[in-house]
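Student: Please take one part of this structure and go through it closely, strand by strand and residue by residue. Once that is done, set the part against the rest of the chain.

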Amino acid sequence: MHSVQIVLLIELAHRTGYLHDDVDLEALVNDMNSSLESLYSTCSGPQTESTPLLHNGQISSSHHHHHHHVQHNQPRPGQGQLTNVSPDSSQPGLLRRSQPMHILAVRRLQEEELRTSSLPAIPNPFPELCSPASSPVLSPGSLPPGEPSAGIYIVKIFSEDGMGKVVEIPADMTARDLCQLLVYKSHCVDDNSWALVEHQPLLGLERCLEDHELVVQVQASMNSDSRFLFRKNYAKYEFFRNPQTFFPEHMVAWCQETNRTIPPSQLLQNFLVTSSCPEIQGYLYVKEVGRKSWKKVYMFLRRSGLYCSTKGTSKEPRHLQFLADLEDSNIFTVITGKKQHGAPTDYEFCIKPNKCRGELKELRMLCAEDEQGRTCWITAFRLFKYGIVLYQNYKIPLQRKNLLAHFSSPVRSVSENSLVAMDFSGRTGRVIDNPVEAQSAAMEEGHAWRKRSQRMNVLGSHSPLHSSLSSVIHIAQLWFHGRITREESHRIIHQQGQVDGLFLLRVSQSNPKAFVLTLCHHQKIKHFQILPCEEDGEVFFSLDDGATKFTDLIQLVEFYQLNRGVLPCKLKHPCTVVAL
């Protein structure tokens with residue numbers, strides 16, 4: 001074999017002009033033999049398949065086994081050509097002409113690998129800056145719908161003022177748990193009326209997440225422009241307390257068929273029990289697919305889905321047309337109905353399939369005659385879809401509140417239990433043993449304290465500090481919303497539930513010195529003007545033309561929270577906007 005290689009090398013040297021007469025031929029042959037043996041040991045050794053080769057500075061992606069035929073490069077013009085020789089048992093491999101190997105680059109790469117392998121694994125302090133494939137930041141649409149994988153996800157929550165807050169949550173965190181976490185972090189009052197809202201600004205849609213829904217799973221099915229809002233929703237479970245307000249008799253089919261009023265408990269039982277077949281019926285406006293026009297048709301909402309009658313108000317199966325499914329859909333409130341969709345009224349809602357990714361043609365746009373009708377359809381949809389799960393969501397906070405009240409009730413200490421009533425009217429004090437006398441003495445002491453506090457208020461009422469405080473003391477209250485318009489107050493009332501007693505106070509637009517009480521009653525919004533009145537040089541606030549006067553707005557609100565007065569109902573739920 002060496003003779004063949006020597007002949008080839010000599011012929012190549014002659015052709016290329018590198019071999020001259022004065023060259024020591026024997027020294028050249030010995031040098032070539034040693035070089036061939038060293039290269040042969042390198043290529044045919046056990047490290048051949050594991051050592052990466054660099055072709056033009058790039059790592060080779062494939063390793064050739066030594067038993068394959070070697071494909072030689074085409075020689076340049078004027079250069080010699082090596083002929084292909086088939087290997088046999090005595091020749092384990094052949095060398096071929098190849099590109100130069102950058103030994104320094106290989107050494108540098110091996111040293112870098114050795115250095116990185118010896119270093120300890122350091123966690124990335126900025127995981128949100130990683131590539132999307134390895135980033136734990138959950139973007140809408142990044143996960144397929146279904147059960148989320150285990151791990152920690154990052155969700156961004158927005159408040160009413162547009163400010164956002166990033167929260168790390170586990171994959172199995174529900175909407176109720178996230179609301180509890182936000183209440184704790186924002187130092188809000190936990191009255192079990194906070195909700196997580198899915199907001200889609202491009203389509204103008206909103207829906208309140210149910211307490212048992214997984215936040216990660218919901219966000220995975222949302223569009224890229226959608227976001228979560230954290231706000232109050234007093235009407236989330238109000239239908240369990242007052243079902244007759246949410247389900248008028250003319251919309252419940254059972255009431256129409258039996259011509260009698262259903263007790264509230266039986267009405268709710270019909271919706272919760274799967275064996276019963278309740279039905280909501282009534283006229284709705286439906287937007288025709290692919291058109292801008294709306295058509296008024298008679299609708300039926302059952303457990304199996306939403307149907308419309310093709311012939312008047314007929315319920316016959318041949319006259320019913322299936323419109324939407326309940327199991328694989330969600331119901332949304334449309335907040336831009338007239339402006340964006342040309343709805344005939346302001347009470348628009350829609351049924352959106354879960355597989356829908358923002359296509360307007362896939363939405364089933366509906367519109368009711370009034371707010372009570374829209375609320376009835378939306379509430380019935382939730383009851384038909386979730387059933388007894390909604391009732392469990394409603395009862396869990398009440399049970400937890402009762403359990404905590406048992407432990408948080410004030411416990412009298414031993415020293416308080418040893419206290420007795422005393423009478424110091426005489427020269428020496430005496431213990432009052434008679435409980436009736438002790439109670440009357442406590443009442444007299446309370447009246448005396450009240451008289452002293454009133455006298456102090458009267459003495460300090462004419463001071464400039466007292467008058468200035470009475471005019472600005474209400475600014476820090478949650479129910480005061482400053483200089484907002486009438487339409488803005490309607491929007492806030494709508495967003496937070498439209499239940500009886502929901503209220504807010506704002507500055508009057510027509511009279512800068514006056515205020516306006518905006519109150520919701522029977523799903524209708526009413527406005528009452530609060531006028532300032534002056535008496536003996538002191539300014540009071542009155543809601544009934546001076547019949548009942550208050551020194552500041554806080555006293556006015558506290559009074560009407562206990563007494564209805566001239567209002568249709570007591571003030572119960574303040575409209576609250578919290579910054580995260």
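**Strand 14 and its surroundings**

Tutor: Strand 8 (residues 280-287) and strand 14 (residues 364-367) are antiparallel partners joined by two bridges. The model is predicted. In this pairing, Tyr-285 has Cys-367 of strand 14 as its bridge partner. Strand 14 also pairs with strand 13 (residues 348-353), again antiparallel, here over four bridges. Phe-349 is the residue opposite Leu-366 of strand 14.

Leu-366 and Phe-349 lead to the next feature, since both occur in the lining of the largest cavity. The search of the whole structure gives one cavity of 30 Å³ or more, and the space in the largest cavity is about 50 Å³. Besides Phe-349 and Leu-366, its lining holds Leu-284, Leu-301, Leu-306, Ile-331, Ile-351, Trp-377 and Phe-381. Among the elements that supply at least two of these residues are strand 13 and helix 11. By class, the lining has nine nonpolar residues, no polar ones and no charged ones.

Several residues of this lining return in the largest nonpolar core. That core has 38 residues, and the members touching the most other members are Phe-240, Phe-247, Ile-280, Met-299, Leu-301, Leu-306 and Trp-377. Helix 11 (residues 371-386) provides the largest share of the core, eight residues. In soluble globular proteins, nonpolar side chains tend to be buried together.

Which residues does Leu-306 touch, leaving aside those up to four places away in sequence? On one part of the list are Met-299, Phe-300 and Leu-301. Then come Gln-321, Phe-322, Leu-323, Ala-324 and Leu-326. The list ends with Ile-351, Leu-366 and Trp-377. Of these contacts, Leu-366 belongs to the strand 14 pairing, where Phe-349 stands opposite. Leu-301, Ile-351, Leu-366 and Trp-377 are also named with Leu-306 in the lining of the largest cavity.

Helix 11 also takes part in an open feature. The second largest pocket has a volume of about 1100 Å³. Its lining counts 40 residues, and those closest to the pocket centre are Thr-333, Glu-371, Arg-374, His-494 and Gln-495. Helix 11 contributes the most to this lining, nine residues. Strand 6, strand 7 (227-232), strand 12, helix 10 (337-341) and helix 16 (486-495) are also elements that each supply at least two residues. The class counts for the pocket lining are 14 nonpolar, twelve polar and 14 charged residues, while the lining of the largest cavity has no polar and no charged residues.

Two of the strands at this pocket, strand 6 and strand 12 (residues 329-334), are themselves joined by two bridges and run antiparallel. Leu-205 sits opposite Val-334 in strand 12. Leu-205 of strand 6 has Gln-200 opposite as well. The latter position belongs to the antiparallel pairing of strand 5 (residues 194-200) with strand 6 (residues 205-208), which counts four bridges. Strands 5 and 6 make a hairpin with four residues between them, and Gly-204 in the turn has a positive phi of about 70°.

Away from strand 14, a second nonpolar core is separate and has 23 residues, including Val-155, Met-173, Cys-179 and Val-183. Asp-172 is found in the loop that runs between strand 4 (164-170) and helix 4 (175-186). Its relative accessible area is 55%, and Asp-172 is therefore classed as exposed, given that the cut-off for exposed is over 50%. Asp-172 and Ile-152, 20 residues apart in sequence, have a C-alpha to C-alpha separation of 9.5 Å.

Further along the chain is an open sheet of six strands, with mixed pairing and the order 21-20-19-18-17-22. Its edges are strand 21 (549-550) and strand 22 (573-574), each paired on one side only. Within this sheet, strand 17 (residues 502-507) and strand 18 (residues 515-521) are antiparallel and share five bridges. Leu-504 has Thr-518 of strand 18 opposite.

As for the whole protein, there are 17 helices and 22 strands. Buried residues make up 37% of the 580 residues. Of the contacts with a separation of 6 or more, 54% are between residues 24 or more positions apart.

Methods:
Residues are numbered from 1 along each chain as its sequence is written. This is a predicted model: local features need pLDDT of at least 70, side-chain atom pairs count only at pLDDT 80 or more; totals for chains, interfaces and linings use all residues. Side-chain values use heavy atoms; hydrogens and water are left out. A nonpolar core is a set of buried Ala, Val, Leu, Ile, Met, Phe, Trp, Tyr and Cys residues joined through side-chain atoms within 4.5 Å. Buried means under 20% relative accessible area, exposed over 50%, partly exposed in between (1.4 Å probe, protein chains only). Contact means heavy atoms within 4.5 Å. Two strands pair if DSSP finds at least two bridges between them. On a 1 Å grid over the protein atoms alone, a cavity is a set of points where a 1.4 Å probe fits but cannot get out, and a pocket is an open set with protein on both sides within 12 Å along at least five of seven lines; lining residues have an atom within 4 Å of a point. Grid points are joined across faces, edges and corners, and a volume is the space filled by probe spheres set on the points. Ala, Val, Leu, Ile, Met, Phe, Trp, Tyr, Cys and Pro count as nonpolar, Asp, Glu, Lys and Arg as charged, and the others, Gly among them, as polar.
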